[in-house]
Amino acid sequence: MKISKLLFGICIMVLISCTSTPERNVLSLGVDDNTFWIEDGIPLPKSDSIFYLEHPSPLFRKEFKTNKAIKSASLSITAAGYFKASINGNGIEENVLDPAWTDFSKRIYFSEYDVTSLIQNGDNCLGVSLGNGFYNPLPLRKWGRRNLRKDLTVGKPTFLAKLLIRYKNGTSEEIVSDTSWKYASGPILKNSVYLGVAYDARKELKGWDTSGYNDDSWKPVQKGSGPGGKLQKAYFPPVKVTQEITPTEIYSPEKGVWIVDMGVNFTGSYKLKISGNIGDTISFRFGERIYDDGKLNPMTTVIGQVKKKGVGGPGAPDIAWQTDSYIIGENRDAWFSPAFTYHVYRYMEIVGMDKKPKIEDVKGLFIHTNVARENSFSSSSNLLNSIQKATERTFLANLVSVQSDCPAREKFGYGGDINATSESFIYNFDMQTFYRKTIYDWVDAMNDTSFVDTAPFAGIEYCGISWESAYLITQYYLYLYYNDTEIIKELYELDKQWMDKVARIHPNGIVDEGLSDHESMEPVPVQLTGTSHYLQCARIMETFASVMGDTMNINKYGLLAENLKNKVKAEFWDRPVKEKINRQTLFSTLLYHDIVPTDEIEAAKDSLLNAIQNGPSGHFNTGIFGTKYVLETLAENGAPNAVFDIVNSTTYPGWGFMIDQGATTIWETWKESDNTYSNNHPMFGTVSEWYYRWLAGIRPDPDQPGFKEFFLTPTTPEGLESVNCTYNSPYGAIVSNWKKITSESYTYEITVPNGTRANITLPVSQSQMLAIINEQGLNQSSRIDGLQTGQFSLQEGDYVITVTSEKE
């Protein structure tokens, strides 16, 4: 049996709709005798080149009457592709790019909306428009070879809907998607989640989604078979417009061209007040950069590296820009905001407007999954703060229902990037439900014979275990940070089967195929990083077996972990590595995964420090995994300034260098790229994890998952005067603030949430004294065991700790 098929016995059951009329407490969505998927009657093109021609987005409408007093009304709706819904001409604008991207043949999420305020007494109309999304993509050959129409489950955009109206007399009524609906072509002539939208305002149908509209020329819909996936109500945050960005500048680099500078690089859309004459075409292009002459440089956001004629396949553009177009209709002062697409840009090029847009007539719309953003970090270093802001912006820009590696070129959910950055994301945002969705994406993507690189699966299978292991490692981080044991219990049998697959693919234990430390500046063998991920998975399974009370497998995975550890140790520690290798990644990997014997850690630490000193400018030269490892192990084993002096520097290579060059998001590579590599890529954002874990010192205790008990070990490097940090644990906010008062004295402000315990280590010397005051203002110094050693524990409460020198 394929692992990917096993989900049907594991995943959440399909929600079945009810047909009875009494009021019910649970709204569901499903296919039944009265409710089914519907679509337009226009067949898909039979040849690739035809997909690039105009295929207007369909509009669907259904009129209905209400004649009783309404108690409530809820719309439950989903689509294969994207949908937008409206009632009586009022758009339901809460979410965008809905539903979330999944393998639609396996799993489909639906949304529920409270639409009570939109229903009126008497005549009403429910309207729906459809976009292609990832279900009906263009046959664009990314890198000249990858065709999403072959790699994804594809088909005609289609939708399923149920409007449940509850009346005050206790009865209810359903308006469902069935063959009584009608459809017509709308003004969106083309829509691609990658390339953009073509919109012709002359083809707008005014009032089409209101009652009384003359739809005699509209055609009856067709009943569709649907994409096949199980229906499930969305339980994770939706994609929303979370911020309107005001441009910092609008200028003209040449006649007829306007460049809008949004000031920051981000993912999303825009709204623009149109000006011109009926029939004029306004064209838009987008990029992360500009050239020295002020013209748009879109090359780092070109889709799939399609940059010359013939690469993208029949009908494809020679260069796959991000682009939109708008043909002006009767309303020459209209506002335009494209639907069913999202772009990555700081700079927007506008051609075809008859006058310069005003600043107030253009807004950037930051679009991302609306994860809770209550955690915060700031410091006395402006550079560290700029890096943190750029990292947060990069992370959010790559959260559009999947965690992507870059939001323009690919938009794919690569597992290696998740393995590298998931802890960083968790420190910055509440990722619990989002990462549950991610794990189910992996359940749907995997098979039982090979490793896949992305979830949803996008046809790529060469990166190996360090990518697909995101399925298991992400489960562990949900356990560690949120004490989510339900996901372990649900997937434990599948986890064991996955480990059996790994053993079949790598029977000798050593991983010898796949991608290693991607974007390392020196070679790194996959035998090091891949086998270390296998080791990490074995240890995770030992933990999961313990959670499950599975004694036999505790022993099995413990022995496997020990065997893998010894294999890596024998290959990369016990003997000198004479081959060319990134020694920063080498020693940090060995330390991170506890491969070095305890009595030899000092030697490994010295080797790591020496490798960093020999690095470019004494900085890191590590890649996707090595950077996470070197930040953690150097912070744990080095002096307080070992990491800080590198991060707080504008010298190449480093985060400060990116900021100094004007970056507002984190780059894909240490070296600046103006033609190939993304300027909005999360993998080097692991520096934010170091902020939370080591400058603020907030770390979970693996033996007490979910922060029931946790470590609080802030560090105070020379050159940094203060840190303010809040992390929201499942028990509440953990606060770790510190401020340097003099060279020998510090003040710490600490909050320990209710029902938890903090095990604290403060950097103090024998010449310093500690005093602690609780939230009632009472001195607790004599009551805290070990206080003067700097190692002590605190129960719930707010505390102020002062560290002073005996000389002061």
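Begin by selecting Ala408, which is buried at a relative accessible area of 3%, where buried means under 20% relative accessible area, exposed over 50% and partly exposed in between, with a 1.4 Å probe and protein chains only. The model is a predicted one, in which local features need pLDDT of at least 70 and side-chain atom pairs count only at pLDDT 80 or more, while totals for chains, interfaces and linings use all residues. Residues are numbered from 1 along each chain as its sequence is written, and side-chain values use heavy atoms, with hydrogens and water left out.

**Around Ala408**

Ala408 sits in the loop between H3 and H4; helices (H or I, at least four residues) and strands (E, at least two) are DSSP runs, numbered from the N terminus. Leaving aside residues up to four places away in sequence, Ala408 touches Tyr194, Thr301, Ile303, Gln322 and Val344, contact being heavy atoms within 4.5 Å. Add Ser678 to the selection, and you have a pair 270 residues apart in sequence whose C-alpha atoms are 8.1 Å apart in space.

Next select Ser401, which is found in the loop between helix H3 (382-397) and helix H4 (415-428). Ser401 is not a glycine, and yet its phi is positive, at about 70°; this residue is buried, with a relative accessible area of 7%.

**Helix H11**

Now move to helix H11 (residues 583-592), where nine of the 10 residues are buried. Those buried residues are Gln584, Thr585, Leu586, Phe587, Ser588, Thr589, Leu590, Leu591 and Tyr592, and what covers them includes H4, helix H7 (470-482), H9, helix H10 (551-572), helix H12 (601-613) and H13. At the N-terminal end of H11, Asn582 acts as a cap, with a side-chain oxygen 3.0 Å from the backbone nitrogen of Gln584. Just after H11, look at Asp594, which takes a positive phi of about 55°.

**H11 against H13**

Keep H11 on screen and add helix H13 (residues 626-637), since the two axes come within 8 Å and cross at roughly 65°. That angle makes H11 roughly perpendicular to H13, because angles from 65 to 115 degrees count as roughly perpendicular, those under 35 as roughly parallel, those over 145 as roughly antiparallel and the rest as oblique. To see who meets whom, show Thr585, Ser588, Thr589, Leu591 and Tyr592 in H11 together with Gly626, Lys628, Tyr629, Val630, Glu632, Thr633 and Asn637 in H13. By class, this contact has four nonpolar, six polar and two charged residues, where Ala, Val, Leu, Ile, Met, Phe, Trp, Tyr, Cys and Pro count as nonpolar, Asp, Glu, Lys and Arg as charged, and the others, Gly among them, as polar.

**Backbone stops**

For the next stop, select Glu519, in the loop between helix H8 (486-505) and helix H9 (526-547). Phi of Glu519 is near 70°, a positive value in a residue other than glycine, and at 21% relative accessibility Glu519 counts as partly exposed.

Then go to Pro99, in the loop between strand S5 (90-91) and strand S6 (107-114), where the peptide bond from Asp98 to Pro99 is cis, with omega near 5°. Finish at Pro653, in the loop between helix H14 (641-647) and helix H15 (655-660); here the peptide bond from Tyr652 to Pro653 is cis, with omega near -5°.

Conventions. Axes fitted to C-alpha atoms, helices over the stretch in contact; angles between N-to-C directions. Polar contact = N/O pair within 3.5 Å; in protein donor to acceptor, adjacent residues only side chain to side chain.
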